[in-house]
Amino acid sequence: MKTIKIFVSAIFILSICSCQDLLDEPIYDFRTAETAFATEEASAATLSGLYESLRSYNYYRQDFQRVVEVASVGMSVPKTWNDNDLDEQKQTPDSDLCWRIYSGIYASIAKANLIISLLPEKLETDVQKNSMGQCLFVRALNYFNLARLF
């Protein structure tokens, strides 16, 4: 019984003492709209998120490749894919594969639009102009792929 009282007292005392100083971590880097395109390194870090959306699983990494390659002449779907509609080119808009590609492309468009909205109205530096050009290109590529597929 005495050890239980000591144990409960110790827990009570430790719960009163705060370890807030140990939990606070300093912020070394934080991107704001003003600093996102201030330097070439910051711009590259910001644009890497845009290019990451192109290589997502639902887009260029796998699903988009599958649909484009199967639509070409001479390729058939392996039995392990379980996409007979794709092999016979009977894909419907409500299929899971179409939805994944559609959502992956629009996620990439949303990232491009967000970065474009962060850029100032008047592009002053070459870094900002380059970033705007890359965002517009990726957005145009996404719309091209949507028009080609759907």
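# Exercises on an all-helix model

Gln-62 has a relative accessibility of 26%, so Gln-62 counts as partly exposed. (Buried is under 20% relative accessible area, exposed is over 50%, and partly exposed is in between, with a 1.4 Å probe and protein chains only.) The model is predicted, so local features need pLDDT of at least 70 and side-chain atom pairs pLDDT 80 or more, while totals for chains, interfaces and linings use all residues. Residues are numbered from 1 along each chain as its sequence is written, and side-chain values use heavy atoms, without hydrogens and water.

## Exercise 1: Overview

State how many helices and strands the protein has, and where confidence is lowest and highest.

Step 1. Count the elements. The protein has eight helices and zero strands. (Both are DSSP runs, numbered from the N terminus: helices are H or I with at least four residues, strands are E with at least two.)

Step 2. Check the confidence. The mean pLDDT of the protein is 79, and 78% of its residues reach 70 or more. (pLDDT is the predictor's confidence in each residue, from 0 to 100.)

Step 3. Find the extremes. Confidence is lowest in helix α6 (residues 84–87), with a mean of 60. Confidence is highest in α8, at 91.

Step 4. Look at burial and contacts. Of the 150 residues, 25% count as buried. Take contacts between residues at least 6 apart in sequence: 60% of them join residues at least 24 apart. (Contact means heavy atoms within 4.5 Å.)

## Exercise 2: Helix α3

Find where α3 is kinked, and name what covers its buried residues.

Step 1. Get the span. Helix α3 covers residues 40–54 and has 15 residues. From first C-alpha to last, α3 reaches 21 Å, close to the 21 Å expected at 1.5 Å a residue. (The expected span is 1.5 Å times one less than the number of residues.)

Step 2. Find the kink. A kink of about 25° is centred on Ser-48. (The bend is the angle between axes fitted to the seven residues ending at a residue and the seven starting there.)

Step 3. List buried residues. Among them in α3 are Ala-42, Thr-46, Leu-50 and Leu-54.

Step 4. Name the cover. The cover of these buried residues includes α4, α7 and α8 (126–149).

## Exercise 3: The aromatic pairs

How many aromatic pairs does the structure hold?

Step 1. Count. There are three aromatic pairs.

Step 2. Classify one. The ring centres of Tyr-102 and Tyr-106 are 4.9 Å apart and the planes are at 55°, so this pair is tilted. (Rings of Phe, Tyr and Trp, its six-membered ring, pair if their centres lie within 6.5 Å; planes under 30 degrees apart are stacked, over 60 edge-to-face, the rest tilted.)

Step 3. Locate the pair. Tyr-102 and Tyr-106 are four residues apart in helix α7 (residues 96–118), so about one helical turn separates them.

Step 4. Check accessibility. Tyr-102 is partly exposed, with a relative accessible area of 35%. Tyr-106 is partly exposed at 35% too.

Step 5. Widen the view. Trp-99 joins Tyr-102 and Tyr-106 in one aromatic cluster.

## Exercise 4: Two buried residues of α8

Is Asn-145 buried or exposed, and what does Gln-128 touch?

Step 1. Take Asn-145. Asn-145 sits in helix α8. Its relative accessible area is 1%, so Asn-145 is buried.

Step 2. List its contacts. Neighbours within four places in sequence are left aside. Asn-145 is then in contact with Tyr-59, Tyr-60, Phe-64 and Ile-105.

Step 3. Follow Phe-64. Phe-64 is in helix α5 and is buried at 3%. Beyond four places in sequence, Phe-64 touches Tyr-59, Ile-101, Asn-145, Arg-148 and Leu-149.

Step 4. Compare sequence and space. Phe-64 and Ile-105 are 41 residues apart in sequence, and their C-alpha atoms are 9.4 Å apart.

Step 5. Move to Gln-128. Gln-128 is also in helix α8 and is buried, with a relative accessible area of 12%. Beyond four places in sequence, Gln-128 touches Phe-37, Leu-119, Pro-120, Lys-122 and Leu-123.

Step 6. Add the polar atoms. A polar atom of the Gln-128 side chain lies 2.9 Å from the backbone nitrogen of Glu-124.

## Exercise 5: Back to Gln-62

Where is Gln-62 placed?

Step 1. Find the element. Gln-62 is in the loop between α4 (57–61) and α5 (63–71).

Step 2. Compare with Ile-101. Gln-62 and Ile-101 are 39 residues apart along the chain, and 9.4 Å separates their C-alpha atoms.

Step 3. Place Ile-101. Ile-101 is one of the buried residues of α7.

Definitions and conventions. Polar contact = N/O pair within 3.5 Å; in protein donor to acceptor, adjacent residues only side chain to side chain.
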